[in-house]
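Visitor: Please take me through one part of this protein in detail. Start at the surface, then go inside, and finish with the cysteines.

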Amino acid sequence: MIPDRSRAHELIDHLPRQTWHERSFAYWAEKQLVANDSWWKPLSTAVVGTATTTMSMFLRLGFRKVVVDDLHKLTDVLERERNRPIVTVANHESTADDPIIWGVMPARLWWKPDCTRWTLGARELLYKHPILNAFFALGQTIPTVRGDGIYQLAVEIGLRKLNENKWVHVFPEGRVNQEAQMLRFKWGVGRMIMEAERTPIVVPMFFTGTKQIMPLRQKVPVPRPNPLKSTLYMKVGDAMDFAPLVGEWKAARAKLSSEEAVRLDEQVRIAIVDQLWGSMYNISQLNAAGAALGLPLRYVVAVTAMAAANAPELVTKLTCACEHLLSASEMVQFVELSRESLLKMVTTIGTPRIINSTAALMDAVPETIKERLPKTSLRCKDDYNYDAIRQRGLDMWKGVYSKQAEKLEGKIGGWYPDLLEVIQTDLYGRILSDCRILDAKSTELCTIGALFPSNVPAQLKSHVIGAGRLGASSDEIEAAKAIAKLVCIQATALRD
């Protein structure tokens, strides 16, 4: 139902006031709700602006690298003249996520009250003392009690801010989650979106990197910056508009009995929250698309596709993200396999794109990982035996093309005998069939990743079949194609 505007005041009136701390909490809850005292705006702006400025400095000094993708999708919404409030949602990696992540915002917004967030934060962690009550209240952090449901005071205050055309940020997982899989979202954000007087514009965000500097269960719960290793990666998604859905809900609700309306409310809340979860999942969908390939091969296929799509910028961003998604040993393996895949795809993509993407890859790799990589070449003159290499190439050629191998041999040899010799001996023999780092099946999956953006359907079809002949499952082949398709979309968006 549409919220009664006095409900928040009623909840505040019923807050306990037995101790000094309880009286302080009730006082600041009421001041935060109305936020209309003459002193509120300058003090709140000072607290939020100072915190954001500090976090910007913290990002520069405490992280080796900060990579932010599509921040304009949030800032454009914030800065344009608008008649609707804004809700942002993000995953929740650590107790320090807010305010750290807002250090990425441009300096022009740090001290603008209309462009700073209100956010929901755990009362038991933040509102522990009268001084902290004042600080977090002025810092626009709304005290939330886990387990109190969607009709608690925090949600009412959040609704009030949305009705005042403000920006409210929510971590809808409801708690810190440092696992790979996102938790299902709580319903409170769904209620705020539904019941705001003007349906807010919703902007999803995904980030990784804060859990490395603020792991759970550390003895002293303070951030541990590491400017030599830590990287923050953030991706902002496309704005979402729930106004049509909310309009349909309001129209349908008016015709229902109270019991039916309650059931409809729940259904719509679930639908909104599921869409939000899906949008967040899509932001990091590379993992979803390549799940059948396992780690780190899905990222190796992605790097190969990015090189083929001539998007070395994406290689840099993915490598930065992998630093947090992979363990140190997996990261070493990712770099080794990616370099080898790029080398092998010289045969498919061409030298200039391979050089640019290899440079982008290695420039983003931390020094601690580079130290663990081989320093000498596997390929040297002592390793070259023409007859053995040619036979190895012919074996892989037949493994990929099977019954079609002889027919294809005749065609290419008829066009130009030297072309066939170079393909079978130099490309297949010396490069593609060298499986000391990247095995034959993985090579074919990476080849699929390289061919998909290259728009060569006949060759793609041949290598899809060839990957199956070399042991790749249908799920693995579809995963490689899905990753390459996603990379094509991202590369196109990058150029636009």
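**From the surface inward**

Guide: Trp 415 belongs to helix α20, which spans residues 405–415. Bear in mind that this is a predicted model. Trp 415 counts as exposed, because its relative accessibility is 64% and the cut-off for exposed is over 50%. Trp 415 has company on the surface: with Tyr 416 and Leu 419, Trp 415 makes up a nonpolar patch. Together these three residues offer about 380 Å² of accessible area.

Now a contrast. Ser 357 lies in helix α17, residues 351–364. Ser 357 counts as buried, because its relative accessibility is 1% and buried means under 20%. What does Ser 357 touch, leaving out residues up to four places away in sequence? The contacts are Ala 307, Pro 312, Val 315 and Leu 342.

Next, the strand that deserves the longest stop. Strand β6 covers residues 201–208, and eight of its eight residues are buried. Take the two faces in turn. One side carries Ile 201, Val 203, Met 205 and Phe 207. The other side carries Val 202, Pro 204, Phe 206 and Thr 208. Both faces are covered.

Which strands pair with β6? Strand β2, residues 86–90, pairs with β6 in the parallel sense, over five bridges. Val 87 has Val 202 of β6 as its bridge partner. Strand β7, residues 226–236, pairs with β6 in the antiparallel sense, over four bridges. There, Phe 207 stands opposite Met 234 of β7. Strand β8, residues 240–241, also runs antiparallel to β6 and is joined to it by two bridges. Ile 201 has Asp 241 of β8 as its bridge partner. Ile 201 and Phe 207, which take part in these pairings, sit on one side of β6 and are buried.

Last, the cysteines. How many disulfides does a search of the whole structure find? The count is zero. Cys 435 is in no disulfide, and the nearest cysteine sulfur, that of Cys 446, is 12 Å away. Cys 446 is likewise in no disulfide; its nearest cysteine sulfur is that of Cys 435, at 12 Å. The cut-off for a disulfide is 2.5 Å, so this pair does not qualify. Their exposure is worth noting too. Cys 435 counts as partly exposed, because its relative accessibility is 35%. Cys 446 counts as buried, because its relative accessible area is 0%.

Definitions and conventions:
Residues are numbered from 1 along each chain as its sequence is written. This is a predicted model: local features need pLDDT of at least 70, side-chain atom pairs count only at pLDDT 80 or more; totals for chains, interfaces and linings use all residues. Side-chain values use heavy atoms; hydrogens and water are left out. Patches are made of residues with over 30% relative accessible area and no salt bridge: like charges are joined within 9 Å, nonpolar side chains (Val, Leu, Ile, Met, Phe, Trp, Tyr) within 5 Å. Accessible areas come from the Shrake-Rupley method with a 1.4 Å probe; for residues, only the protein chains shown count as cover. A salt bridge is a side-chain nitrogen of Lys or Arg within 4 Å of a carboxyl oxygen of Asp or Glu. Buried means under 20% relative accessible area, exposed over 50%, partly exposed in between (1.4 Å probe, protein chains only). Contact means heavy atoms within 4.5 Å. Two strands pair if DSSP finds at least two bridges between them.
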